[in-house]
Amino acid sequence: MGREQPEPTAQRCINESDPIISAQFTDGVIFLRPLHMGDAADHLAGEDEAIARWLSGGRSTIETVQTYINSCEEQWRNNGPRKAFGIFDVASGKLIGCIEANLDPPVSPGQANVSFGIFSAWRGKGIVGRAINLMSEYVRGANQIRQMVARISLLNTASLKAVQRAGFRLVRVVGEPEGEMAHFVRDL
Ligand SMILES: CC(C)(COP(=O)(O)OP(=O)(O)OC[C@H]1O[C@@H](n2cnc3c(N)ncnc32)[C@H](O)[C@@H]1OP(=O)(O)O)[C@@H](O)C(=O)NCCC(=O)NCCS
């Protein structure tokens, strides 16, 4: 799989039989769909030190993952501001990461905060860029959002590279309780 990331042609389909809105977006290589409880074991298995440190805020357990997925499902049901998707490999159907957009973050109106993690075996293939492109199409279609914002620790080299490759630009570096965070934006 190369680094080329052509503009995805997102396709949307709704699984009417699922009580959770099951929007799926694909570029032919990956697809995004809301996380379901059946994903909990795979989600936990994919969490390594990097995801625990930079995304989960510490090591998860099956219970904390289930609580997280439960809250994601509730957000989907109630049309809440937090939109969490699993990232899946089209060829195998496997869960390979996750991406979330918070449409009600403590940033400016019209901005959505995005965060993401790719399981270690799938890193270095531009997967997060694909997921960001699909998320961009989703938030553009669904809301009054004009920009995506990514807040990345200056110590998180892989993520700093990934967001710049994905078309984000650095706007400022802010001292936050977690340390110095680079704020990147990408117009939709
Ligand atoms: C940051 C992250 C999402 C990048 O995803 P990705 O799909 O691998 O992104 P890319 O393919 O664009 O690679 C980005 C950089 O990751 C690094 N990388 C490449 N292969 C790697 C591998 N096998 N393992 C770890 N890092 C790797 C490289 O520095 C690469 O940039 P470079 O090729 O210019 O040197 C992923 O590393 C990750 O999940 N990290 C842990 C969670 C995290 O930090 N999330 C961000 C907080 S919001």
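A residue counts as buried if 20 or more other C-beta atoms lie within 10 Å of its own, as exposed if 12 or fewer do, and as partly exposed in between. The model on display is predicted, and the stops below proceed from the whole chain to single elements.

**The whole chain.** Display the chain as a cartoon. Five helices and eight strands should appear, and their order along the sequence is β-β-α-α-α-β-β-β-α-β-α-β-β. Of the 188 residues in the chain, 30% are buried. Consider next the contacts between residues at least 6 apart in sequence: 55% of them join residues at least 24 apart.

**The ligand.** Centre the view on the ligand and select the 23 residues around it; Trp 54, Arg 123, Gly 124, Val 128 and Ala 158 come nearest. Two or more residues of this shell are supplied by each of helix H2 (49–56), strand E5 (111–118), helix H4 (127–142) and helix H5 (157–165). Which element gives the largest share of the shell? That share, six residues, comes from H5. Colouring the shell by residue class will show ten nonpolar, nine polar and four charged residues.

**Helix H4.** Select H4, one of the elements that contribute to the shell. This helix has 16 residues and spans 23 Å from its first C-alpha to its last, close to the 22 Å expected at 1.5 Å a residue. Its buried residues are Ile 127, Val 128, Arg 130, Ala 131, Ile 132, Asn 133, Leu 134, Met 135, Ser 136, Tyr 138 and Val 139. Val 128 therefore merits a label, because a residue with 20 or more other C-beta atoms within 10 Å is buried; Val 128 is on the buried list of H4 and is also among the residues that come nearest the ligand.

**Asn 79.** Move to the loop between helix H3 (62–77) and strand E3 (82–89), where Asn 79 is found. The phi angle of Asn 79 is near 55 degrees, a positive value in a residue other than glycine. Is Asn 79 buried or exposed? Asn 79 is exposed, because 9 other C-beta atoms lie within 10 Å and the limit for an exposed residue is 12 or fewer.

**The E7–E8 hairpin.** Finally, select strand E7 (residues 169–176) and strand E8 (residues 179–187), which run antiparallel and are joined by seven bridges. The two strands form a hairpin with two residues between them. For one bridge pair, label Val 174 and its partner in E8, Met 181. E7 is hardly covered: among its eight residues, the count of buried residues is zero.

Terms used
Residues numbered from 1 in each chain as written. Predicted model: local features only at pLDDT ≥ 70, side-chain atom pairs only at ≥ 80, totals over all residues. Near = placed C-beta within 6 Å. Helix = DSSP H or I, 4+ residues; strand = E, 2+ residues; numbered from the N terminus. Nonpolar A, V, L, I, M, F, W, Y, C, P; charged D, E, K, R; others polar. Contact = placed C-beta atoms within 7 Å. Expected span 1.5 Å × (residues − 1). Pairing = 2+ DSSP bridges.
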